[in-house]
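This report describes the fold and overall dimensions of one protein chain. The sequence and the model are shown first, and the description follows.

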Amino acid sequence: MTAWPQDELRRIAEADDLHISPFRDDGVTYGTPTWIWSVAVDDALYVRAYNGQKSRWYQAAVRQKAGRIVAAGITKEVTFELVEGPIGDRIDDAYRAKYHGSPYLKPMIGAHARSATVKVMPREQQERQVKR
């Protein structure tokens, strides 16, 4: 796993157009891009599944642990890591700051979506081993 270049993380965090595509079960083909909210906390990007852990993109991200995102004119190969613990409060704060006034904010910081929080980090292509 590599760190986010600060300019890319800033651009993605400021945008509202992130599309996430975890790998399908073959470990090679990208899933259908799904538009989701994203926030940055410290040097990482975080996303949540509005429909919680039953969301198809979330389940694929948990299984495959990698895929691709497209946001702010940037296409990036990424890894996905489940998130729990105290960082959740800081992620909530980031959602409040970025999406204040949205009728969807309350569910996104509620327990259902919070239980489906994923850390998104850039990866080098050679880091992914193809499943066969």
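Which residue of β7 stands opposite F80? The residue is V120. The model in which this pairing occurs is a predicted one.

**Strand pairing**

The contact between F80 and V120 belongs to the pairing of β6 with β7 (residues 117-122), which is antiparallel and comprises five bridges. On β6 (residues 74-82), six bridges are also formed with β5, again in the antiparallel sense. Within β6, K76 stands opposite I69. The connection between β5 and β6 is a hairpin with two residues between the strands, and A72 in this turn adopts a positive phi of about 50°. Strand β5 (residues 66-71) is further joined to β1 (residues 19-22) in an antiparallel arrangement, where H19 has V70 of β5 as its bridge partner.

The pairings described above are collected below.

| Strand pair | Sense | Bridges |
|---|---|---|
| β1 and β5 | antiparallel | four bridges |
| β5 and β6 | antiparallel | six bridges |
| β6 and β7 | antiparallel | five bridges |

These pairs are part of an open sheet of seven strands, in the order β2-β1-β5-β6-β7-β4-β3, with antiparallel pairing. The edges of the sheet are formed by β2 (34-35) and β3 (38-41), each of which pairs on one side only.

**Order along the sequence**

The protein chain contains five helices and seven strands. In sequence order, these elements follow the pattern α-β-β-β-β-α-β-β-α-α-α-β.

**Dimensions, burial and contacts**

The C-alpha trace spans about 45 × 35 × 25 Å along its principal axes. The radius of gyration of the protein chain is 14 Å, in agreement with a compact globule, because a globule of 132 residues would be expected to have a value near 14 Å. Of the 132 residues, 46% are buried. Among contacts with a separation of 6 or more, 71% link residues that are 24 or more positions apart.

**Surface and charge**

The protein chain has an accessible surface of about 7300 Å²; carbon and sulfur atoms contribute 51% of this area. There are 20 positive and 17 negative charges in the protein chain, and the mean positions of the two sets lie 6 Å apart.

Technical notes
Residues numbered from 1 in each chain as written. Predicted model: local features only at pLDDT ≥ 70, side-chain atom pairs only at ≥ 80, totals over all residues. Heavy atoms only, no water. Rg over C-alpha atoms; globule rule 2.2 N^0.38 Å. Buried < 20%, exposed > 50% of the residue type's maximum accessible area, 1.4 Å probe, protein only. Contact = heavy atoms within 4.5 Å. Areas by Shrake-Rupley, 256 points an atom, 1.4 Å probe, with all protein chains shown as cover. Lys, Arg positive; Asp, Glu negative; His and termini not counted. Charge placed at Lys NZ, Arg CZ, Asp CG, Glu CD. Pairing = 2+ DSSP bridges.
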